[in-house]
Amino acid sequence: MATQSIHQPINGGETIFTVSSSPIKFGAGALRELGEDALALGMKRVAFFVDSHVLSSAPGETALASLRAAGVDVVVYDQLRYEPNSDSFEAAAAFAREGAFDGFVSLGGGSVIDTAKAANLLSTYPDELIAYINAPIGRAKPVPGKLKPHIACPTTCGTGSETTGITIVDLKSVGLKTGIASPFLKPTLALVDPTTTETLPGGVVAACGFDVLTHAVESYTARPFTSRPRPAHPSQRPPYQGSTPYNDIGAIAAIRIGGKYLARAVRDAGDIEARHQLMFASTLAGLAFGSAGVHIPHAMSYSVATLRHEFTASGYQDRDPMVPHGIAVVINAPAAFRFTASANPARHLEAAAALGVDVSGAAPENAGEILANAFIALMRETGLPSGIAALGYSDADVPALAEGAFAQQRPLVMAPRAVTKPDLEAMYRDAMRYW
């Protein structure tokens with residue numbers, strides 16, 4: 001694994017990185033302890049955010065039974081939207097404000113967890129949603145302080161939202177996905193029970209698993225924390241700091257685990273080892289990108305997910321047409337890593353090696369192509385679309401796609417290379433078809 005100095009800043013830049021992660025409880029059967037965990041955090045009246053499908057499933061029944069057995073007053077909120085928008089965030093916030101809750105529990109994928117984060121924020125410190133949205137789209141108002149306790153229980157092996165201080169929303173007023181970022185948004189406890197993945201359709205596992213891999217590779221290839229300027233005050237150190245020696249450990253481990261188990265987990269729901277390992281990789285990747293940050297594939301994903309709603313992914317046939325987040329991210333990854341590799345070829349080759357590629361004797365100038373091809377091979381093996389053209393896009397859409405991606409400066413500034421709008425246009429054209 002490439003090392004980076006923890007002493008020598010770049011051009012007089014930063015010398016300090018911080019680690020601030022949620023406590024984690026991980027293991028089969030962890031949901032059975034949810035009620036006692038809620039009590040330990042002082043929860044007496046809980047807003048239980050859960051997808052209606054999950055609520056009627058075994059994990060939903062287990063979680064609800066555990067909370068009630070512990071004597072917690074539980075109010076269920078299941079009016080959730082997959083890939084939430086500003087309307088669904090506002091509705092959830094209204095529910096939270098009216099309910100006088102002293103804690104939150106979320107059970108589901110990243111959309112559910114993100115909605116609970118937003119409801120907690122907007123009910124604890126009421127304001128317009130746009131006030132907290134990242135600049136330049138929103139006003140980037142700092143979250144004033146601690147929120148109410150929140151136990152996040154993921155049921156998909158992908159977003160890592162249970163460990164991060166960010167919530168993502170489709171902001172209808174501008175027609176773009178964007179987010180709110182603050183350490184105060186991090187759940188108080190990430191309760192991760194990998195048995196929740198055992199009944200997921202293979203297509204859902206594929207989409208979520210590629211989110212894990214791209215999170216991890218983006219974190220590992222992000223600009224080093226030493227390249228940022230020192231803040232004028234410690235409180236101004238950003239939540240996303242760039243790659244650090246701490247985050248590198250979790251990122252490279254998540255890449256290795258994902259490379260080994262993703263295809264197996266997609267192919268065979270009965271492969272419990274693969275599905276549980278993928279959930280662990282998701283947790284590791286969430287810890288890594290929660291402070292390192294992500295960069296170009298995620299910035300490009302928001303336009304891909306919002307400008308067209310024609311695609312129905314395998315495993316998501318019961319949803320309205322849309323591009324699942326993990327697919328929206330990975331569909332850009334090969335093109336993005338071809339672009340970023342020149343900034344640090346060694347890191348890109350190490351990521352490819354972690355995915356199982358033999359990189360012995362590889363030339364640095366080929367690093368981007370090698371890593372891109374590793375992603376493409378795994379995408380083909382797991383039945384993903386062949387590029388954004390398969391999602392309904394054409395060359396005529398490229399300017400609008402790039403315009404939306406360029407607005408995502410929060411992730412773009414973490415890229416190891418400076419990114420212009422023409423660069424993004426070229427990457428979208430590259431991502432149009434991979435095979």
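**Reading strands, helices, cysteines and cavities**

In strand 5, V105 has I151 as its bridge partner. The model discussed here is a predicted one.

Colleague: Let's begin with that valine. Which residue stands opposite V105 in strand 2?

Modeller: That is F48, which stands opposite V105 of strand 4. Strand 2 (residues 45-50) pairs with strand 4 in the parallel sense, over five bridges. Strand 4 is also joined by five bridges to strand 5 (residues 150-154), and these two run parallel.

Colleague: How many of the residues of strand 4 are buried?

Modeller: Six of the six residues of strand 4 (residues 103-108) are buried, so the strand is largely enclosed by the rest of the structure.

Colleague: Which residues of strand 4 point one way, and which the other way?

Modeller: The general idea is that side chains in a regular strand alternate between the two faces of the sheet. In strand 4, G103, V105 and L107 point one way, while F104, S106 and G108 point the other way, and all are buried.

Colleague: Now strand 6, please. Are the faces of strand 6 covered or uncovered?

Modeller: Both faces are covered: I166, I168 and D170 lie on one side, T167, V169 and L171 on the other, and all are buried. Put as a count, six of the six residues of strand 6 (residues 166-171) are buried.

Colleague: Which strand do six bridges join to strand 6?

Modeller: It is strand 7 (residues 176-181), and the two run antiparallel. Across that pairing, T167 stands opposite I180 in strand 7. The two strands form a hairpin with four residues between them, and G175 in the turn has a positive phi of about 70°.

Colleague: Let's move on to helices. How far apart are the end C-alpha atoms of helix 7?

Modeller: They are 28 Å apart. The way to read this is to compare it with the expected span: at 1.5 Å a residue, the 20 residues of helix 7 (residues 202-221) should span 28 Å, so the two values agree. Helix 7 is also mostly covered, with 19 of its 20 residues buried.

Colleague: And the cysteines? How many disulfides does the count come to?

Modeller: A disulfide is a covalent bond between the sulfur atoms of two cysteines. The cut-off is a pair of sulfur atoms within 2.5 Å. By this rule the count comes to zero disulfides here. C153 is in no disulfide, and the nearest cysteine sulfur, that of C157, is 16 Å away. C208 is in no disulfide either; for C208 the nearest cysteine sulfur is again that of C157, 5.4 Å away.

Colleague: Is C208 buried or exposed?

Modeller: C208 counts as buried, because its relative accessibility is 9%. C153 counts as buried too, at 1% relative accessibility.

Colleague: Last topic: how many cavities of 30 Å³ or more are there?

Modeller: The count comes to two. About 60 Å³ of space lies in the largest cavity. Its lining includes V19, T163, K186 and Y246. Helix 8 (245-267) and helix 9 (272-292) are the elements that give two or more residues to this lining, and helix 9 gives the most, with four residues. By class, the lining divides into three nonpolar, seven polar and one charged.

Colleague: Which helix gives the most to the lining of the second largest cavity?

Modeller: That is helix 16 (residues 409-412), with three residues. The second largest cavity holds about 40 Å³ of space, and among its lining residues are N134, T178 and R410. This lining has five nonpolar, four polar and one charged residues.

Note on methods. Residues are numbered from 1 along each chain as its sequence is written. This is a predicted model: local features need pLDDT of at least 70, side-chain atom pairs count only at pLDDT 80 or more; totals for chains, interfaces and linings use all residues. Side-chain values use heavy atoms; hydrogens and water are left out. Buried means under 20% relative accessible area, exposed over 50%, partly exposed in between (1.4 Å probe, protein chains only). The expected span of a helix is 1.5 Å times one less than its number of residues. On a 1 Å grid over the protein atoms alone, a cavity is a set of points where a 1.4 Å probe fits but cannot get out, and a pocket is an open set with protein on both sides within 12 Å along at least five of seven lines; lining residues have an atom within 4 Å of a point. Grid points are joined across faces, edges and corners, and a volume is the space filled by probe spheres set on the points. Ala, Val, Leu, Ile, Met, Phe, Trp, Tyr, Cys and Pro count as nonpolar, Asp, Glu, Lys and Arg as charged, and the others, Gly among them, as polar. Two strands pair if DSSP finds at least two bridges between them.
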